[in-house]
Amino acid sequence: MYAVVHHPDYVAPGAPGSTYQWNKNGLVRQILSESDDAIEWHTPDPMPRAWLETAHCPDYVAQVLSAQVPREKERRIGFAVTPLVSRRAQAVPGGTYLAARIALEQGFAANSAGGSHHALYETGAGYCVFNDLAVAALRLAAEGVGPVLIVDCDVHQGDGTAALTAGHPGIATYSIHAEKNFPVRKCRSTLDVPLPDGVEDATYLATLESTLTPLIDAVRPALILYQAGVDPFHGDRLGRLALTQDGLVARDALIAGLAQTRGVPLASTLGGGYGADAMEVAQRHALSVRTLGAAFAKSRLYLPG
């Protein structure tokens with residue numbers, strides 16, 4: 001048994017002409033629901049405006065919540081912020097926060113969306129409207145949870161997350177990513193691990209373990225927020241790395257093992273994954289959630305709330 005957070009507003013159709021895969025989150029829920037896994041489903045509340053404003057400029061928050069985002073910001077985001085997209089943008093950080101709270105009680109929980117690590121203080125970017133990782137981490141830290149370690153394994157650097165949490169004494173950030181991929185201008189994480197194009201399973205996994213292990217031991221987090229993007233996959237449309245499906249599974253198992261052996265609860269977010277076949281991408285995301293859920297269920301890491 002493990003917990004997954006999902007909200008109907010995660011599936012929000014974009015404006016005509018949008019190339020973003022708006023149905024991916026719904027497909028992930030469908031795949032998980034049809035699996036043999038024992039899943040406890042949870043529906044989050046939208047993230048209150050005041051907490052969104054701990055990470056983002058109040059003017060930008062107002063623009064998103066009223067679906068009146070300036071055209072130049074919508075171009076940076078990659079799609080129009082319609083009223084439905086606005087509702088989704090507020091629901092996703094609520095889901096990441098709820099997954100974190102459940103993980104603190106049960107050891108693990110997944111959000112079936114989230115990982116919007118490119119959103120910055122005054123604007124969204126790279127298909128990200130609000131930075132759910134930063135918002136959730138800042139709220140948890142304010143509520144006395146910490147340290148929080150954000151582990152970002154998306155193929156793209158977690159620039160927005162690094163910028164929005166920089167200097168916070170209760171939050172640390174880790175990003176392992178393709179060095180030459182988006183964004184062009186990187187922000188400094190607590191630890192960045194840039195990789196050359198074409199890195200395959202063995203090198204990736206060895207590098208991940210050798211760099212993340214000492215950081216976890218130094219930070220000694222009370223919680224890990226995991227950006228589990230599947231775009232390091234060799235066939236991903238926006239990736240530059242070359243992991244196989246087995247490599248992605250081994251990555252998630254490694255992350256789970258590092259957390260479990262130290263008694264650290266973990267909440268995962270979906271992150272990036274891009275391709276012509278939305279179902280194929282959704283299956284990779286669902287397998288990531290299932291791999292993490294199975295690892296924590298087997299370890300029986302249930303912690304007091």
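The legends below describe close-up views of a predicted model.

**Figure 1. Stacked rings of Phe79 and Tyr127.** Five aromatic pairs are counted in the predicted model. In the pair shown here, the ring centres of Phe79 and Tyr127 are 6.3 Å apart and the planes meet at 5°, so the arrangement is classed as stacked. The two residues come from distant parts of the chain, with their positions 48 residues apart. Phe79 belongs to the loop between α4 (71–77) and α5 (83–106), whereas Tyr127 belongs to the loop between β3 (108–111) and α6 (132–142). Phe79 has a relative accessible area of 6% and is therefore buried. Tyr127 has a relative accessible area of 21% and is therefore partly exposed, as buried means under 20%.

**Figure 2. Stacked rings of Phe108 and Phe296, with Tyr2 in the cluster.** Phe108 and Phe296 form a stacked aromatic pair, 5.4 Å from centre to centre and with 15° between the planes. This pair also links distant parts of the chain, 188 residues apart: Phe108 is located in strand β3 and Phe296 in helix α10 (residues 278–299). Both Phe108 and Phe296 are buried. Together with Tyr2, these two residues make up one aromatic cluster.

**Figure 3. Arginine side chains over aromatic rings.** Arg29 is placed over the face of Trp41, at 4.1 Å from the ring centre. In a second example, the charged end of Arg284 sits over the ring of Phe233, 4.0 Å from its centre. Arg284 is also one of the α10 residues that meet helix α9, the subject of the next view.

**Figure 4. Crossing of helices α9 and α10.** The axes of α9 (residues 245–261) and α10 come within 9 Å and cross at roughly 35°. This crossing is right-handed. On the α9 side, the contact is made by Gln245, Leu248, Val249, Arg251, Asp252, Ala253, Ala256, Ala259 and Gln260. The α10 side contributes Arg284, Leu287, Ser288, Thr291, Leu292, Ala295, Phe296 and Ser299. Across this contact, nine residues are nonpolar, five are polar and three are charged. Among the α10 residues in the contact is Phe296, which also stacks with Phe108.

**Figure 5. Cis peptide bonds preceding Pro147 and Pro183.** The peptide bond from Gly146 to Pro147 is cis, with omega near -5°. Pro147 is located in the loop between α6 and β4 (148–152). Another cis peptide bond joins Phe182 and Pro183, where omega is about -5°. Pro183 is placed in the loop between β5 (171–178) and β6 (191–195).

**Figure 6. Positive phi values at Ala67 and Arg220.** Ala67, a residue other than glycine, has a positive phi near 55°. Ala67 is found in the loop between α3 (58–65) and α4. The relative accessibility of Ala67 is 25%, and this residue therefore counts as partly exposed. Arg220, likewise not a glycine, has a positive phi of about 50°. The loop between α8 (201–219) and β7 (223–227) contains Arg220. With a relative accessibility of 69%, Arg220 counts as exposed, because that class begins over 50%.

Technical notes: Residues numbered from 1 in each chain as written. Predicted model: local features only at pLDDT ≥ 70, side-chain atom pairs only at ≥ 80, totals over all residues. Heavy atoms only, no water. Phe/Tyr/Trp six-rings, centres within 6.5 Å; stacked < 30°, edge-to-face > 60°. Helix = DSSP H or I, 4+ residues; strand = E, 2+ residues; numbered from the N terminus. Buried < 20%, exposed > 50% of the residue type's maximum accessible area, 1.4 Å probe, protein only. Lys NZ or Arg CZ within 6 Å of the ring centre and 35° of its normal. Axes fitted to C-alpha atoms, helices over the stretch in contact; angles between N-to-C directions. Left-handed = near helix turned anticlockwise from the far one by under 90°. Contact = heavy atoms within 4.5 Å. Nonpolar A, V, L, I, M, F, W, Y, C, P; charged D, E, K, R; others polar.
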